[in-house]
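Take a moment to look over the sequence and the fold. We will walk through them step by step.

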Amino acid sequence: MNDDRIRIPPQGGTAFPLAKGGKLSIVDPYGEQVCDLFCVDAVNLLDGLSSGRSIDYNDTIHFTNGHMLYSNAGKPLLKILSDTCGTHDFLVTPCSLQMFQMLNPECTYHPSCQENLAKALAQYDIPAHVITTTFNAFMNVPVGLGGAIRVLAPLSKPGDQIVFEAQRDLIVGLTACSDEGSNNGSCKPIEYAVARE
Ligand SMILES: [Zn+2]
């Protein structure tokens, strides 16, 4: 699939249809870069990816090979076929201008995964309010014993990838995360490829 990789520039985002059975590879070309993924059922654009259902139905917050990602209505959306990194997050929402302004009240504008996903998915008539918790590939958010979470540098190495198989026709949005703090200080590109068996 390497020859067909498409690059998302730093702090960018995109959206595209992914047919049932299609395989989506997300690659971190340089390492330590997060990619936020959100998707919806292509025949019911308001039925989007659900972190809560996926955690409940997989009995884990640590997603890797073999796990299934579900929609809010409980429909299987994406199955994880392979994963060379093993550390991803499915707890937090995409970074947003509001989040950057909470961290820095002087911030007037900062690119964000929320904005990038909203713009990309709007091309498919998916309203921004449908976007909830994203599957944050390569994001490293350990949970402490008391329940506190921290956002640490991703553990992904250059070339690490996670591969999903679509379980139904989907519209998928992806970003190269815009938050320096989630990406060990620098925002880098993400690459992806789509293949059918
Ligand atoms: Zn982000």
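How many bridges pair strand β3 with strand β9, and in which sense do they pair? The model is a predicted one. In it, β3 (residues 22-28) and β9 (residues 160-166) pair in the antiparallel sense, over 6 bridges. Find D28 in the sequence. Its bridge partner in β9 is D160.

Now turn to the other pairing of β3. Strand β3 is also joined to β11 by 6 bridges, and these two strands run antiparallel. Here S25 has A193 of β11 as its bridge partner. Strand β11 (residues 190-196) pairs with β1 as well, in the antiparallel sense, over 3 bridges. In that pairing I8 stands opposite I190 of β11.

Put these pairings into the whole sheet. It is an open sheet of 6 strands, in the order β1-β11-β3-β9-β7-β6, with antiparallel pairing. Which strands stand at the edges? They are β1 (6-8) and β6. Each has a single partner strand, so one side of each is left without a neighbour in the sheet. From one strand to the next, the twist averages 25°.

Next, follow the chain into β9. G159 sits in the loop between β8 (135-137) and β9. Is G159 buried or partly exposed? A residue counts as buried if 20 or more other C-beta atoms lie within 10 Å of its own, and as exposed if 12 or fewer do. G159 has 13 within 10 Å, so it is partly exposed. Leaving aside neighbours within four places in sequence, G159 is in contact with V27 and P29. A176 lies 17 residues from G159 in sequence, and their C-alpha atoms are 15 Å apart.

Another loop gives a matching exercise. H62 is found between α1 (51-58) and β6 (68-70). H62 has 13 other C-beta atoms within 10 Å, so it too falls in the partly exposed class. The C-alpha atoms of H62 and L91 are separated by 9.8 Å, and these residues are 29 apart along the chain.

Finally, look at a helix. Why is α3 described as largely enclosed by the rest of the structure? Helix α3 covers residues 113-122, and 8 of its 10 residues are buried, so the description fits. Among the buried ones are C113, N116, L117 and L121. What do the buried residues of α3 pack against? They pack against β2 (13-18), β4 (35-41), α2 (97-103) and β10 (170-175).

Technical notes: Residues are numbered from 1 along each chain as its sequence is written. This is a predicted model: local features need pLDDT of at least 70, side-chain atom pairs count only at pLDDT 80 or more; totals for chains, interfaces and linings use all residues. Helices (H or I, at least four residues) and strands (E, at least two) are DSSP runs, numbered from the N terminus. Two residues are in contact if their C-beta atoms, placed from the backbone, lie within 7 Å. Two strands pair if DSSP finds at least two bridges between them. Axes are lines fitted to C-alpha atoms, for helices over the stretch in contact, and angles run from 0 to 180 degrees between N-to-C directions.
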